[in-house]
Amino acid sequence: MSASHRIAALVLLAAAILAPLLPAFPPFWITLLSYIGLSSLVALGLVVLVGVAGLTSFGQAMFVGFGAYTTAILTTRYGLSPWLTLPVALLVSGLLAWGIGAITLRLKGHYLAIATIAWNVSFYYLAGNLDFFQRNDGISGIPAITLFGIDFADSLNFYWLVLFCLVLAIVLTRNLLDSRPGRAVRALRGGALAAESFGVNTYKARVLAFVYAGILAGLSGWLYAHLQRAVNPSPFGINMSIDYLLMAVAGGVHNIGGALLGAAIVTILRDQLQTMLPWLLNAQGNFETIVFGALLILILQFSPRGLWPHLMRLFDRLMPKAAEPAVPPASEAPPLPLRQQPDRGAEVLRATELRKQFGGLVAVDNVGFQLNAGEVVGLIGPNGAGKSTTFNLLTGVLPATRGSVLFLKDEICGRTARHIATLGIARTFQHVKLVHGMSVLDNVALGAHLRASAGPVQAALLLDKAEEARIFALAWQQLHRVGLAHCAHLAADELSLGQQRLVEIARALCLDPVLLLLDEPAAGLRHLEKAALAKLLDKLRQEGMTILLVEHDMDFVMNLTDRLVVMNFGAELAQGRPKDIQGNPAVIDAYLGTAA
Amino acid sequence: MRKLAAGLLLALGLTTAAQAADPIRVGVVISETGPGASLGIPEGRSIRLLPQEIEGRPVEWIVLDDGSDTTRAVTNMRKLISDNRVDAVIGSTVTPASIAMVEVAAEQRIPMISLAGSAAIVSPVDDRRRWVFKTAQNDALMAGAVVDHMAAAGVKSLGIIAVSDSYGDGWLSIIAPLLQERGIRVTGTERYARTDTSATGQTLKVLAGRPDAVFIISAGTPAALPAKALRERGYRGPMYQTHGVANADFLRVGGREVEGTVLPVAPVTVADQLPESHPSRAVARQYRDAYEAAHGAGSVSAFGSYAYDAGLLLQRAIPVALRTAQPGTPEFRVALRDALEGLRDVTYVNGVVNMSATDHVGQDERARVMAVIKNGTWQALPQ
Amino acid sequence: MAVDLSIFLVLVQDGIVNGAIYGLLALALVIVFTVTRVILVPIGEFVAFGALTLAALETGTLPGTVWLLGILGIASAVCRLWTSRRHATARSVAWQLGTSLLLPVVVTALAWACLHFQAPQLVKVLVVLAIVAPMGPYLYDVVYRPMADASVLVLLIVSVALHLALQGLGLVFFGAEGSRTQSLADATLEIGPMFITGQSIVVILVTIALIIALFLFFERTLMGRALRATAVNRLGARLVAISPALCGHVAFTLAAIIGALGGILISAMTTIYYDTGFLIALKGFVAAVIGGLVSYPLAAASAILIGLVESFASFHASAFKEVLVFMIILPVLLWRSWRTPALLDEGEE
């Protein structure tokens, strides 16, 4: 967040605090602002869930219901104080989100969306038909919140409370997203495969996002119950869930500000239409929903990514351009403890009789090779030779049909990608897999996921500052190494393809790997960049790292590698020193093609 | 001295004249859209039939739609109170929203007249419900009449199909003890939703219990679905419905399958057939004529009359309250509440009201008429 | 309570008939999604419009949907002329004006004639289809075409907004109370303990006929193949000169026809309200998703499954019917999700 943005946020906050104190401020707008705040909390959860983690939920109203019913039942039936029910409400919505998530979050895409609909519809009808929830009439007579003699039944006091909760939620959300677990959640949008291959437990990250959104919704529900003082199933049905999603998307589902903007637009539009339309049309009738729907369509046609990005662009144009953030100087001292590298020349990896079959197609057939510490080995072969499949077998992305892979004497065949990353194998991808919209620096920091330990609670409370500093020092160090420190603050997708490959290498280096697997690292690089890359890889080799690379640029491969493994049609064709391979007639045949 | 007195009188006169221009504002929160729309729309139309002046003072009826949603009902009520500075609130159409609005009425100390059915909105009259009144008949009043009719007709066992919303819940809880009292056995209670596309399963289950009669608890046209399904499955026995169905659309959709159905209705539904001695006969016919003049013959329903009755109660109570306080003040709200509670022998469309400190509906048997559907019309049964 | 054979058969029949309607909607949703990536929430409104327009014609009033058709036609004409302003020819302009402006006029005249000459039921049904079907492509022109590149989520939210607007219009046109229409076949059939109403036979026959017709359309006609090509690869289809707009028009027309037909079929068996469509569409949508939003047979089969579960749940535990229906869906979803190939990576090779 740049300085001008920070100032703008503070000005906005000051306005939110001061405006209701103006004598001319219409009293109903205080109530309306409270409702906007309540919806914002839920929409904020949706930003994390939908915008950041890429999981669509049609069930947020249900979590609001969990919070609201928890406090309603505990305060009216057992006479508990609302302050006691607050942690219980958060716990109940969090636990239920965790339970529901544990069952449902293994689902993909549309299946997940439908599952959330199923949960929500079921909850709605259960609440309406069970005496425990006092059926469709619901629970009334919920006490107002009081604290040290402050009565929150007063709409202005309640507004302060909502504002406090909202600001707190925004700060927590920002802290969370800007941390190790938060980056793991953000990595979900770059594809589960990439995230898993540097050690992110993507399932856990999904659950984290789901539970966090559930807790925010539960908080909104707790507030709702004490604002409304009565609960029944109608505000927790599937239609309200859709409404929340609508707010988040209309405002901008990728931005925290979008959640607030969307909640404000939808709530104000609904309220103002009912007074303006009869006056505009000069007719009594129920035209609100029609006009509301039509306006929303226009808003989304005008800005499919929500209104917030438009607002920000306008704001940035008006504001003086912020100075480029400084690039810290390169340092060599390792910010995080390094792993013990094997002795030079010791066996690092041994693949034997590896075979992969897709139905009738044999992609990799009886391939075997050995990698020793401090060696750069090239895996080459014509297109379709099975090089990338071999990479995927080594890194646990694909299960091998048969064969074995020993890594530092441990069998890793059949292990998950995440586990293999833990052991010290890092990789890059033939099709670059960076998280779009995330800065280069954050993308690189993602590689250090396994070398740190901060959890979501520490992150939200900023107890992870020291560790974060070390992670980013490491990320800077690796960016300097690949020569991209000057691009650190750009979004990853703004870089050229070749540069993006270098970012992937920097990210892989953050893992402090024993073995580095590079899938076509030089593709898309210009001549000088290639030379720099070769120099970097050579340096890594001198430091004792083992590197296996797939590459088509023969000059690059021949000059750099110690040994080559040549594959053709899934099978191993030859192994040996570059010099020997260059003269191997079988290899020449495979590359140049025989008479066929 | 005389001059001074005259001057004072003049000043007083001027102030009253100035105050006369100050209108009385009544907020109306009803469900003109959403699941309650078939009730809310005639209510909204009836509000527009109410006079624009009470005792020379202009009255503003400010109508907002809550979309049958509790949150919007409460928000709109707060908006009416703080933005429009209303002196009383009418609404809402459905019970859950009304129950939530009770909390606002108590907090803001403003009289409220609900149009929904459940007695839970107004009873027991405690600290919160002091401010709340109601014009729709308590379900209990109607249930008593239905159960009486069943007992008299020799029904020993009863199957029930109820809509799965607040209306169905309310009736089911009221009717169970009444049926037990009369020794009528319930063979089964089934629920269905307003927008269900089939009630076959529920019908089969109810008929499997071989009841003497079937009681369908639902409001408006949705009540026709189980009735039709019963007849389709060959059921020929007696059917009962509640007063919630009494509008022309139910007869249109129900057609010949609902012939012979017995149900309690509000007096307005059979306005022309009320005996000359019935106190509501004149006002019910007057209301019906006014409504149908605006919206077509046969369009009147009991739901609209509840809103109209709420208006009539205010017309009687406002002059009393005006004697002690000025509109737009908290004192006026208190006075209006007291005046509403003090209403005695007020005849409105659906009977005669006697409010008391323990009864904020104030109706008696004159608020219900047993009727049967014959030749596609409502026929009052001899009382 | 024990279920005897006759009750069992009635429940099965009820479940299959309702399931057939869900299945029809699921098919329409799959067609629209594969071709345009739009999850057509407002298909429920096509159901309600179909049923209530027919009911209005039966009671002798000119349905409000006729005016909606006219307004949408004008809006669509404006949008189409605007998008094609660069390369408009006299012929294309005439075609656009004819399909967007002339068509509603003709349809309105038909509806009017239908009212005045006491048309038979079948003619009324055809007129209803003529009123509702063009709304599909008009809405595509006005709402979806300007944002064809938006994400699936945004398109879904636009669909929700459109659903709200159309539902509001439904309330204005038809009022809050429901309607039923005349049965298309009054006869009943008794086979042993089975007692089958003519209408349920009609529903099942029409569903089967429609599935066969769609199969033939997709397999045998050029347009159908173009639609399939678009569904498989949007960019590729574009490169071989299949117009995405034309495909969108066809998909939306099919969806509107299927939706309206579903409404017409079901309104003889149950009361339809201005807001009934959403829940029917939701169940159709669930069925479509179980089919992965690509598989027609799976979608149809899950629709029948949902209908059956619903029917038996309403017999055994009517208060918790929806809970049962949606909770039974969860394991099916889990199973389907496991069955779909592991999502190693969206773009991997």
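**View 1. Helix 4 of chain B lying across four strands in this predicted model.** Start with helix 4 (residues 95-108) of chain B: strand 1 (24-30), strand 4 (88-91), strand 5 and strand 6 of chain B are the strands it lies across. Against strand 5 of chain B, the helix runs at about 170°.

**View 2. The open six-stranded sheet of chain B.** Read across the sheet and the strand order is 2-3-1-4-5-6, with mixed pairing. Which strands stand at the edges? Strand 2 (53-54) and strand 6 (132-134) of chain B do, and since each has a single partner strand, one side of each is left without a neighbour in the sheet. As a reminder, strands of a sheet pair through backbone hydrogen bonds, either parallel or antiparallel.

**View 3. Zooming in on strands 5 and 6 of chain B.** Strand 5 covers residues 112-114 of chain B, and three bridges tie it to strand 6 of chain B in the parallel sense. If you want one pair to look for, take S114(B), whose bridge partner in strand 6 of chain B is K134(B). Strand 6 is also one of the edge strands from the previous view, and helix 4 of chain B lies across both strand 5 and strand 6.

**View 4. Strand 11 of chain B, covered on both faces.** In a regular strand the side chains alternate between the two faces of the sheet. For strand 11 (residues 262-265) of chain B, V262(B) and P264(B) sit on one side, L263(B) and V265(B) on the other, and all of them are buried. What does strand 11 of chain B pair with, and in which sense? Strand 14 (residues 369-374) of chain B runs antiparallel to strand 11, and four bridges join the two. One of the residues just named, V265(B), has V369(B) in strand 14 of chain B as its bridge partner.

**View 5. Chain B pulled back to its overall dimensions.** Along the principal axes, the C-alpha atoms of chain B fill a box of roughly 90 × 45 × 40 Å. The radius of gyration is 22 Å, which agrees with the value near 21 Å for a compact globule of 383 residues. The chain has twelve helices and 15 strands, and 60% of its residues are buried. Counting contacts in chain B with a separation of 6 or more, 67% are between residues 24 or more positions apart.

**View 6. Where chain C meets chain A.** Here 41 residues of chain C are in contact with 38 residues of chain A. On the chain C side, helix 7 (152-174), helix 12 (277-290) and helix 14 (321-339) each supply at least two residues. Which of them gives the most? Helix 7 of chain C does, with 14 residues. By residue type, the chain C side splits into 30 nonpolar, five polar and six charged.

**View 7. Inside the largest nonpolar core.** This core has 454 residues, and those touching the most other members are L46(A), A209(A) and L29(C). Helix 1 (residues 5-36) of chain C is its top contributor, giving 18 residues. Now center on A209(A): beyond its neighbours within four places in sequence, A209(A) is in contact with V48(A), L49(A), V52(A), A53(A), L55(A) and V185(A).

**View 8. Chain A as a whole.** The C-alpha atoms of chain A fill a box of roughly 90 × 55 × 50 Å along the principal axes. There are 23 helices and 14 strands to find in chain A. Of its 596 residues, 54% count as buried, and residues 24 or more positions apart make up 75% of the chain A contacts with a separation of 6 or more.

How values were computed:
Residues numbered from 1 in each chain as written. Chains lettered and ligands numbered in written order. Predicted model: local features only at pLDDT ≥ 70, side-chain atom pairs only at ≥ 80, totals over all residues. Pairing = 2+ DSSP bridges. Contact = placed C-beta atoms within 7 Å. Axes fitted to C-alpha atoms, helices over the stretch in contact; angles between N-to-C directions. Nonpolar A, V, L, I, M, F, W, Y, C, P; charged D, E, K, R; others polar. Rg over C-alpha atoms; globule rule 2.2 N^0.38 Å. Buried ≥ 20, exposed ≤ 12 C-beta atoms within 10 Å, placed from the backbone. Core = buried A, V, L, I, M, F, W, Y, C linked by C-beta atoms within 7 Å.
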